[in-house]
Amino acid sequence: MLYRELLKEKKIKVHQASPEEIKDIIEIADRDLSFAKEAMAHNWDWAFTITYNAALSASRAYMYKIGYRPSSAESHKTVWSFMLLALPEGQHDRIHFFNHMRVKRNKNLYDHAGLISETEGKQIINSAEKHIVVIKKLLL
């Protein structure tokens with residue numbers, strides 16, 4: 001089984017999501033990405049955090065679609081670990097990028113103001129847009 005180790009470590013749980021639940025999570029991803037683009041004009045730190053959440057939500061929707069959800073402990077880290085297993089290798093660079101951004105998000109959210117540059121903000125928005133498109137295709 002592809003996800004055996006994550007199940008054994010209790011990092012993920014089997015979850016039978018309804019189509020409505022998956023649709024709701026994708027709508028959250030779309031909402032957050034849209035709002036992040038608006039926030040770019042005001043604050044790169046918040047735009048970054050919101051964009052990260054959009055990519056995370058899309059990934060969670062895909063997890064739900066294939067019958068899993070993260071456990072509560074280290075759920076963000078688990079989502080990205082799961083996505084490395086779930087997506088083809090050609091998608092892995094983007095997943096590694098988001099996992100790296102997970103660490104930066106924590107510093108940005110809890111430790112340092114002004115941590116995110118305009119270049120980095122634009123980079124995560126572009127990556128999240130691509131990621132959400134890929135996930136939406138997989139959800140069809």
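**Close-up views of a predicted six-helix, two-strand chain**

Buried residues account for 46% of the 140 residues in the protein chain. The model shown in every view is predicted.

**Figure 1. The whole protein chain, with its helices and strands.** The protein chain contains six helices and two strands. Read from the N terminus, these elements follow the order α-β-α-α-β-α-α-α. The radius of gyration is 15 Å, close to the 14 Å that the globule rule gives for 140 residues, so the protein chain is as compact as a globular protein of that length. Along the principal axes, the C-alpha trace spans about 45 × 30 × 25 Å. Of the contacts between residues at least 6 apart in sequence, 72% join residues at least 24 apart.

**Figure 2. The surface and the charged side chains.** About 7,800 Å² of the protein chain is exposed, and carbon and sulfur atoms supply 52% of this area. The protein chain carries 21 positive and 17 negative side chains. The centres of these two sets lie 5 Å apart.

**Figure 3. The largest nonpolar core.** This core has 38 residues, and those that touch the most other members are Trp80, Phe82 and Met83. At least two residues of the core come from each of helix H2 (19-39), helix H3 (44-65), helix H4 (75-86), helix H5 (92-110) and helix H6 (118-139). Helix H3 supplies the largest share, 11 residues. In soluble globular proteins, nonpolar side chains tend to be buried together. Which residues does phenylalanine 82 touch, not counting residues up to four places away in sequence? With those places set aside, phenylalanine 82 touches Tyr3, Leu6, Ile12, Met63, Ile66 and Tyr68.

**Figure 4. Histidine 131 in helix H6.** Histidine 131 belongs to helix H6. Its relative accessibility is 0%, and the residue therefore counts as buried, the limit being under 20%. Leaving out residues up to four places away in sequence, histidine 131 touches Ala55, Ala58, Ser59, Trp80, Met83, Leu87, Arg94, Ile95 and Phe98. Two of these partners, Trp80 and Met83, are also named among the residues that touch the most other members of the largest nonpolar core.

**Figure 5. Threonine 78 in helix H4.** Threonine 78 is placed in helix H4. Is threonine 78 buried or exposed? At a relative accessibility of 2%, threonine 78 counts as buried. Apart from residues up to four places away in sequence, threonine 78 touches Lys11, Ile12, Pro70 and Ala73. Ile12 is likewise touched by phenylalanine 82.

**Figure 6. Serine 57 and arginine 60 in helix H3.** Serine 57 is found in helix H3, and arginine 60 has its place in helix H3 as well. Serine 57 counts as buried, at 9% relative accessibility, whereas arginine 60 is partly exposed, with a relative accessible area of 24%. Once neighbours within four places in sequence are left aside, serine 57 is in contact with Ile25, Ile28 and Ala29. Arginine 60 touches Ile25, Pro70 and Val79, again not counting residues up to four places away in sequence. Ile25 thus appears in the contacts of serine 57 and of arginine 60. The C-alpha atoms of serine 57 and glutamate 27 are separated by 8.9 Å, although these residues are 30 residues apart along the chain. Between the C-alpha atoms of arginine 60 and phenylalanine 97, which are 37 residues apart along the chain, the separation is 17 Å.

**Figure 7. Phenylalanine 35 in helix H2.** The place of phenylalanine 35 is in helix H2. With a relative accessibility of 46%, phenylalanine 35 counts as partly exposed. Phenylalanine 35 and leucine 109 are 17 Å apart in space, C-alpha to C-alpha, and 74 residues apart in sequence.

**Figure 8. Lysine 10 and glutamate 74, two loop residues with positive phi.** Where does lysine 10 lie? Lysine 10 is in the loop between helix H1 (4-8) and strand S1 (12-14). Lysine 10 is exposed, with a relative accessible area of 65%. Although lysine 10 is not a glycine, its phi is positive, at about 60°. Glutamate 74 is placed in the loop between strand S2 (68-70) and helix H4. The phi of glutamate 74 is near 50°, which is also a positive value in a residue other than glycine.

How values were computed
Residues are numbered from 1 along each chain as its sequence is written. This is a predicted model: local features need pLDDT of at least 70, side-chain atom pairs count only at pLDDT 80 or more; totals for chains, interfaces and linings use all residues. Side-chain values use heavy atoms; hydrogens and water are left out. A nonpolar core is a set of buried Ala, Val, Leu, Ile, Met, Phe, Trp, Tyr and Cys residues joined through side-chain atoms within 4.5 Å. Buried means under 20% relative accessible area, exposed over 50%, partly exposed in between (1.4 Å probe, protein chains only). Helices (H or I, at least four residues) and strands (E, at least two) are DSSP runs, numbered from the N terminus. Contact means heavy atoms within 4.5 Å. The radius of gyration is taken over C-alpha atoms; the globule rule is 2.2 Å times the number of residues to the power 0.38. Accessible areas come from the Shrake-Rupley method with a 1.4 Å probe; for residues, only the protein chains shown count as cover. Lys and Arg count as positive and Asp and Glu as negative; His and the chain ends are not counted. The place of a charge is taken as NZ of Lys, CZ of Arg, CG of Asp or CD of Glu.
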